[in-house]
Amino acid sequence: MSDLGIINQKQYKGKNMNQSHKIACKVAFIYIIIGVLWIVVTDYISMTQARADVKIYAMFQHSKGWMFIFITGLFLYFIIRYWTGKMLKSQQEFILKDEQYRSLFKHNPDCVLELNLEGNVVSLNPEAEKLLGHNSDDLQGKNANHLLNWNESDKVSEFFLQSLQGEAVKFETTIQNSSDEKRIIRVTFLPIIVHAEMLGVYAIVRDITELRREEELMIMSEKLSVIGHLAAAVAHEIRNPLTSLKGFVQLMDMTKEVNPQHSEIMLKEIDRINIISSELLVLGKKQDVAFRRIDLADSLQQVFTLMKAETNLNNIEMGFRVKTAEPIYIMADSIELKQLVINIIKNSIEATKDNGEIEISLQIIDGQAVVSVSDNGMGMGPERLERIGEPFYSTKEKGTGIGLAICRKIVHRLQGEMDFESEINKGTTVTIRIPLATGQE
């Protein structure tokens, strides 16, 4: 049994002792009241009978003690039976509740750890033992911080102190199990409060390692799909500068002269090819997601350069405006951010006919970086707009809906928001709001 369970039982016993004391006081008080009333009433009757008939007076005096014992005994029997019945019922309810809580603790599909006020492990359920690779005896009395990665302990300690203020706290962190395997977990701290007294904290833990891996695979799969979709447009975009380069090389071969103007144009075309191919390679590179302070305008400019190839191929005019002179920094993974914007622009291209327009804008509103992608395409009705971003729901005939679902997931990781505004035959505007990096005004 856990220490907190013992404390609860002690508190319950203490409560029962107080209740017993109160019942005993009530019984004694009732007994005294009955005794006083009996003496007053019987003395009055005795005085009356003494004047009327001495024999009746003598007989009454002889029997009134026995009558008092019988009446008070019967009265006290029913009183005590009533109160003890209430106590037994309360005790049975407590035992039933205790068994229910023990069953919830033991058979919970989530891991449950019971921590005291110092953050030491009091008890853990079988699921927690399975996740951590330790049994309850190994961890009892040890501080839960030693299960965390060293760089996570300060953050978790803050959440723990917050829960000791009586507030439920949810967060994600990583732990090391007995095999030194890193696991990603989602934790909820629930304060344990009994009779307005803080006794400790329950940590409800769910292993989300596999879920995170599946999300990463889904994002990578969608990323490769985007790259495949862009390949034809990029090839077409690269072919144009290659044609120019070939023409200038042939001209130099014929004239046997190097024209500085031609050389400058050739270098610019080579740089253009290098930028496009580099962006495509970086987008397809598999790497761990790591948030860094990045210049949002610079990242969008790189996406604009890459996607310009496809808009040119589809005869769509695309523009990019930054509506502020100051740099805009956010905490994000550069590749995921580019994938987010590429997916949205790709959807706009698919919804826009030839000679259409796509406008990308960036600004700061209320302390947030706001990215808007607007098109004048076919648009969507209210019924489709409500379901946009759901996995496996798509407005396109052969679409899966995974692209925008991943966009929502990426925006969620950035602690941002994504909104859609659309009207049939007038176009769609996607607005993304992302918190600025710390220190950004």
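Here are three short exercises with worked solutions on a predicted model.

Residues are numbered from 1 along each chain as its sequence is written. In this predicted model, local features need pLDDT of at least 70 and side-chain atom pairs count only at pLDDT 80 or more, while totals for chains, interfaces and linings use all residues, and side-chain values use heavy atoms, leaving out hydrogens and water.

**Exercise 1.** Find out where Ser348 sits, and whether Ser348 is buried or exposed.

*Solution.* Start with the element: Ser348 belongs to helix H9, residues 334-351 (helices are DSSP runs of H or I with at least four residues, strands E runs of at least two, numbered from the N terminus). Next, accessibility: Ser348 is buried because its relative accessibility is 3% (buried is under 20% relative accessible area, exposed over 50%, partly exposed in between, with a 1.4 Å probe and protein chains only). Finally, setting aside residues up to four places away in sequence, Ser348 touches Ile358, Val373 and Asp375 (contact: heavy atoms within 4.5 Å).

**Exercise 2.** Work out the strand order of the open sheet of five strands.

*Solution.* Read across: the order is E7-E9-E10-E12-E11, with mixed pairing (two strands pair if DSSP finds at least two bridges between them). At the edges are E7 (317-322) and E11, each pairing on one side only. Now look inside: E10 (residues 368-375) and E12 run antiparallel, joined by eight bridges. Val371 has Ile432 in E12 as its bridge partner.

**Exercise 3.** Which sign does phi of Gln415 have?

*Solution.* Gln415 is not a glycine, yet its phi is positive, about 60°. Gln415 lies in the loop between helix H11 (402-413) and strand E11 (417-423). With 66% relative accessibility, Gln415 counts as exposed.
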